[in-house]
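Here is a report on how the parts of one chain pack together. The sequence and the structure come first, and the description follows.

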Amino acid sequence: MTTSPTAERRRLINLAYRMLGSFAEAEDVAQETYARWYALSPRQREAVASPGGWLTKVAGRICLDVLRSARARRERYVGAWIPEPLPAPTDWSAGAGDGDTGDPADRVTLDESVGMAFLVVLDAMTPAERVAFVLHDVFRYSFAEVADIVGRSPAACRQLAVSARRRVDASRPPSPSPSPSQRSRVVKEFKEAWEAKDIHALVGLLDADATAVGDGGGLVSALTHPIEGAEQVARFFAGRIAPDRLTLRTCTVNGQPGLAAHRDGAVLSVYAFDIADGRIRRIWAVLNPEKLRYWKSG
């Protein structure tokens, strides 16, 4: 292989996480892809003109299969399914993952394409739409290359990407995206209002049509249905926290300001926010412990 196996593995995990919304599954995809590579004979490997392209093709096809089977699994999932939240590089738990001791920042590149709002939109796409869109629009593969992975014509893959792009564009608010400092300010004020159980302040930080959804995976208690409306969301959060038992900390969730709730040194829940015009439109609360295994205790 002409490129570093570590670099290729990192690229595959970045690609697979965006396709699947699960870091654990992305690691599995990378591992399975390499298992298939090393299952080839030395002569077969030498005959591969582009090992990186071969790995991408295999990983893409594995992701497509995982996405198709995930639809059936999601129907059995208890409550809402939210993509697995990623911590900031400094907040990865020691020894998380498959024993990789490299810089945690190398695991997944945190940019707009891993924002929680973006991943939620991706999750609403068909498997073929998602794979075609991620490969072409995010990783800049040609439609000819995408077609080889998805198993459709380049023209059909172009249409899949166009359809997916419409979904992404429709999900974005008409106003400009807030700056990182604006996002941080809103999240900090939400944290303070939540800790103070100040319903009035919480309502003032929420969009009138704000929604909150939780993911406990049936393993812990969580919202089974979204809460809608600023006052309803504010009352839910004001009545939820017990300051003597939980500690709220600001953190980075998928590259954007968020919150993590700690108790006795363990991370119990992580909160991601969609913010527009200085107000919170959506809150995603991940409580499923299987999705928090990479978060450092504090």
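F190 is buried at 1% relative accessibility, where buried means under 20% relative accessible area, exposed means over 50% and partly exposed lies in between (1.4 Å probe, protein chains only). F273 has a relative accessible area of 5% and is buried as well. The model is predicted, so local features need pLDDT of at least 70 and side-chain atom pairs count only at pLDDT 80 or more, while totals for chains, interfaces and linings use all residues. Residues are numbered from 1 along each chain as its sequence is written, and side-chain values use heavy atoms, with hydrogens and water left out.

**Aromatic pairs**

Rings of Phe, Tyr and Trp (its six-membered ring) pair if their centres lie within 6.5 Å; planes under 30 degrees apart count as stacked, over 60 as edge-to-face and the rest as tilted. The structure holds 13 such pairs. In one of them, the rings of Y34 and Y38 have centres 6.1 Å apart and planes at 25°, so this pair is stacked. Both residues lie in helix α2 (residues 23-39), four residues apart, which is about one turn of the helix. Helices (H or I, at least four residues) and strands (E, at least two) are DSSP runs, numbered from the N terminus. Y34 counts as buried at 10% relative accessibility, whereas Y38, at 48%, counts as partly exposed.

F190 and F273 form an edge-to-face pair, with 5.3 Å centre to centre and 65° between the planes. This pair links distant parts of the chain: F190 is in helix α9 (residues 180-195) and F273 is in strand β5, 83 residues apart. F190 and F273 also belong to one aromatic cluster, together with W194, F236, F237 and Y271.

**The sheet**

Strands of a sheet pair through backbone hydrogen bonds, either parallel or antiparallel. Here six strands form an open sheet in the order β2-β1-β6-β5-β4-β3, with mixed pairing. Two strands pair if DSSP finds at least two bridges between them. The edge strands are β2 (227-228) and β3 (247-253), each of which pairs on one side only. Four of the pairings are set out below.

| Strands | Bridges | Sense | Opposite residues |
|---|---|---|---|
| β1 and β2 | two bridges | antiparallel | A212 and I227 |
| β1 (residues 206-215) and β6 (residues 279-286) | six bridges | parallel | V213 and W284 |
| β5 (residues 266-276) and β6 | seven bridges | antiparallel | A276 and R279 |
| β4 and β5 | six bridges | antiparallel | A260 and V270 |

Two hairpins occur in this sheet. β4 and β5 form one with two residues between them, and D264 in its turn has a positive phi of about 50°. β5 and β6 form another, also with two residues between them, and D277 in that turn has a positive phi of about 55°. Strand β5 is mostly covered, with nine of its eleven residues buried.

H262 is found in strand β4 and is buried, with a relative accessible area of 8%. Its C-alpha atom is separated by 6.4 Å from that of L248, although the two residues are 14 residues apart along the chain.

**Helices on the sheet**

Contact means heavy atoms within 4.5 Å. Axes are lines fitted to C-alpha atoms, for helices over the stretch in contact, and angles run from 0 to 180 degrees between N-to-C directions. Helix α11 (residues 230-238) lies across β1, β2, β5 and β6 and runs at about 45° to β1.

**α5, α6 and R18**

The axes of helix α5 (residues 116-123) and helix α6 (residues 127-138) come within 10 Å and cross at roughly 135°. The two helices are therefore oblique to each other (angles under 35 degrees count as roughly parallel, over 145 as roughly antiparallel, 65 to 115 as roughly perpendicular and the rest as oblique). F118, L119, L122 and D123 in α5 meet R130, F133, V134 and V138 in α6.

R18 lies in helix α1 (residues 5-20). At 2% relative accessibility, R18 counts as buried. Leaving aside neighbours within four places in sequence, the contacts of R18 include L119, L122, R130, V134 and V138. Other contacts of R18 are among V108, T109, D111, S113, V114 and F139.
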